[in-house]
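Please look over the structure shown below with the following briefing at hand. The points are grouped by topic, beginning with charged pairs and going on to helix packing and the surface.

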Amino acid sequence: MIHAIHANRIRPDKGSRSFSILGYIVMAAITLICLLPFWLMVSGSLSDETTVLTEGFKLWPNPFSLDAYRAIFQGWDKIASAYGITMLVTLVGTFIALLITSMTGYVLQRQDFAPRNKVSFFFYFTTLFSGGVIPTYILIVNYLNLKDNLLALILPGMLTPWFIMLMRNFIKSIPFTIIEAAKIDGAGDWRIYMHIVLPLSKAGLATIGLFIALNYWNDWYHASLYINSEALYPLQYLLYRMLSNAEYMKQAAAAGVFLEGASMPTETLKMATAIVVTGPILLLYPFIQRYFVKGIMIGGVKG
């Protein structure tokens, strides 16, 4: 029987094999093109500052130098503290934002929620018009009194209308008959949400969770507005200030003003900073890639 199955298997013709080979070559070329900027970033971070300034960035660091990383980690206590702040904000903010986003998306797709379209319009409206920076600053600082408070870094990213719409579209892919059957069996709304909707929405939660985590991880803007205490600096804002100080010292040295630490590398420091910031996210992505692809396809197709 096995031999019969092998005999009946359709063999690809010459044209199909040629097309497959061409597709692999094209995809390999595109992959290399996408990886080249990242490799240049790694190579630049390991290069000598003088060589980069005179000869530009190369595919291989020659001569090899760790000066940029020494400049970043010379204040390791500050870096470790900033890493801890960023991880705390990212984990707590992502968890709360996912909870609120999934709950809102679940309600907006329920057929028994009559004003769902009107409420969805109000969420969509905020993507076109917003209150602006000054009213938001007044709300956070004057009314909520969150100056120099980590909640000022968490609250602004907790609710994103686009993520709500994406989550709503994903939950629509869950057959409504399952929810109706649960109601007939006596399950309440909270039980349906926790034990049916969330387990069947793992792909959507992973996709949106990655987006939310990236927003929290890369956020330095809110820290520049609401955080004055150096002990509460997140990683991105601390590295941003280091780059700004390095650039200032470079300009001062060019103007003939001597400052202590003016020899700090600037160009290679930018590359090393990018590596330090993106490293943890790159390590996280492979574990949720399959959910990410599935969630994008379902959330983007369903309407």
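**Salt bridges, helix packing and a surface patch**

Across the whole structure, a search finds 3 salt bridges. The model is a predicted one, and the points below should be read with that in mind.

**Salt bridge within a helix**

- One salt bridge joins Asp 67 to Arg 70, with their closest N and O atoms 2.9 Å apart.
- Both Asp 67 and Arg 70 belong to helix α4 (residues 67-73), where they sit 3 residues apart, or about one turn of the helix.

**Packing of α9 and α12**

- Helix α9 (residues 161-171) and helix α12 (residues 202-217) have axes that come within 9 Å and cross at roughly 170°, which means that α9 is roughly antiparallel to α12.
- On the α9 side the contact is made by Trp 162, Phe 163, Leu 166, Met 167 and Phe 170, while α12 contributes residues including Leu 205, Ile 208, Phe 211 and Asn 215.
- Sorted by class, this contact of α9 with α12 has 10 nonpolar residues, 2 polar residues and no charged residues.

**Nonpolar surface patch**

- A nonpolar patch of about 1,000 Å² lies on the surface, and among the residues that make it are Val 133, Ile 134, Leu 151, Trp 220, Tyr 221 and Tyr 240.
- Helix α7 (residues 133-143) provides the largest share of the nonpolar patch, with 5 residues, and Ile 134 is found in this helix.

Technical notes:
Residues numbered from 1 in each chain as written. Predicted model: local features only at pLDDT ≥ 70, side-chain atom pairs only at ≥ 80, totals over all residues. Heavy atoms only, no water. Axes fitted to C-alpha atoms, helices over the stretch in contact; angles between N-to-C directions. Helix = DSSP H or I, 4+ residues; strand = E, 2+ residues; numbered from the N terminus. Parallel < 35°, antiparallel > 145°, perpendicular 65-115°, else oblique. Contact = heavy atoms within 4.5 Å. Nonpolar A, V, L, I, M, F, W, Y, C, P; charged D, E, K, R; others polar. Patch = residues over 30% accessible without salt bridge, like charges linked within 9 Å, V, L, I, M, F, W, Y side chains within 5 Å. Areas by Shrake-Rupley, 256 points an atom, 1.4 Å probe, with all protein chains shown as cover. Salt bridge = Lys/Arg side-chain N within 4 Å of Asp/Glu carboxyl O.
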